[in-house]
Amino acid sequence: MVHMLPNSLSSVIVSFSIGVGMKIMNSAGLSFLGLGIQEPVPEWGAMISLAKETWRLAPHTIIIPGIFVALVVLAFNFVGDGLRDSLDPRLRK
């Protein structure tokens, strides 16, 4: 455990952070199609789906939720990458 845990921890962290980002994208995609979280709960994919009809009058109703989905997924990936860099024993020279 002394040798295996430090060497495998960085891979687990990166895999977890990428998995969280994929789950967020999957949830938004399913909600966009109408198969995800239902109406009383606000969700970014559902917001984009509802704004399809009025995108010419108010394009910010599609752009803002899309930007936030991308930023949250990107933030999870950056945090996972930063944790990998700080916890990887091979990079601590």
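How many helices and how many strands does the chain have? In this predicted model, the count comes to three helices and zero strands. Walking along the sequence, the pattern reads simply α-α-α. The radius of gyration of the chain is 18 Å, well over the 12 Å that the globule rule gives for 93 residues, so the chain is more spread out than a compact globule. The box around the C-alpha atoms, taken along the principal axes, is roughly 60 × 25 × 15 Å.

Burial and contacts come next. Of the 93 residues in the chain, 23% count as buried. The chain exposes about 6,900 Å², and 73% of that area is supplied by carbon and sulfur atoms. As for contacts between residues at least 6 apart in sequence, 47% of them join residues at least 24 apart.

One of the buried residues is S17, which sits in helix 1, the stretch covering residues 4–33. S17 counts as buried because its relative accessibility is 6%, and the cut-off for buried is under 20%. The side chain of S17 reaches the backbone oxygen of V14, at 3.0 Å. Leaving aside residues up to four places away in sequence, S17 touches F76, N77 and G80. Helix 3 spans residues 60–87, so the numbering puts these three partners of S17 within that helix.

Helix 3 also holds I63. With a relative accessible area of 46%, I63 is partly exposed, since that label covers values between 20% and 50%. I63 belongs to a nonpolar patch on the surface, together with I64, I67, F68, L71, L74 and F78. Taken together, the residues of this patch have about 680 Å² of accessible area.

Then there are the charged residues. A search of the whole structure turns up two salt bridges. In one, D81 pairs with R84, and the closest N and O atoms are 2.9 Å apart. D81 and R84 both lie in helix 3, three residues apart, which is about one turn of the helix. In the other, D85 pairs with R84, again with 2.9 Å between the closest N and O atoms. The result is a network of salt bridges linking D81, R84 and D85. How exposed are these residues? D81 is partly exposed, with a relative accessible area of 33%. R84 is partly exposed too, at 25%, and so is D85, at 38%.

Note on methods
Residues are numbered from 1 along each chain as its sequence is written. This is a predicted model: local features need pLDDT of at least 70, side-chain atom pairs count only at pLDDT 80 or more; totals for chains, interfaces and linings use all residues. Side-chain values use heavy atoms; hydrogens and water are left out. Helices (H or I, at least four residues) and strands (E, at least two) are DSSP runs, numbered from the N terminus. Buried means under 20% relative accessible area, exposed over 50%, partly exposed in between (1.4 Å probe, protein chains only). A polar contact is a pair of N or O atoms within 3.5 Å; within protein, one must be able to donate a hydrogen and the other to accept it, and residues adjacent in sequence count only if both atoms are side-chain atoms. Contact means heavy atoms within 4.5 Å. Patches are made of residues with over 30% relative accessible area and no salt bridge: like charges are joined within 9 Å, nonpolar side chains (Val, Leu, Ile, Met, Phe, Trp, Tyr) within 5 Å. Accessible areas come from the Shrake-Rupley method with a 1.4 Å probe; for residues, only the protein chains shown count as cover. A salt bridge is a side-chain nitrogen of Lys or Arg within 4 Å of a carboxyl oxygen of Asp or Glu. The radius of gyration is taken over C-alpha atoms; the globule rule is 2.2 Å times the number of residues to the power 0.38.
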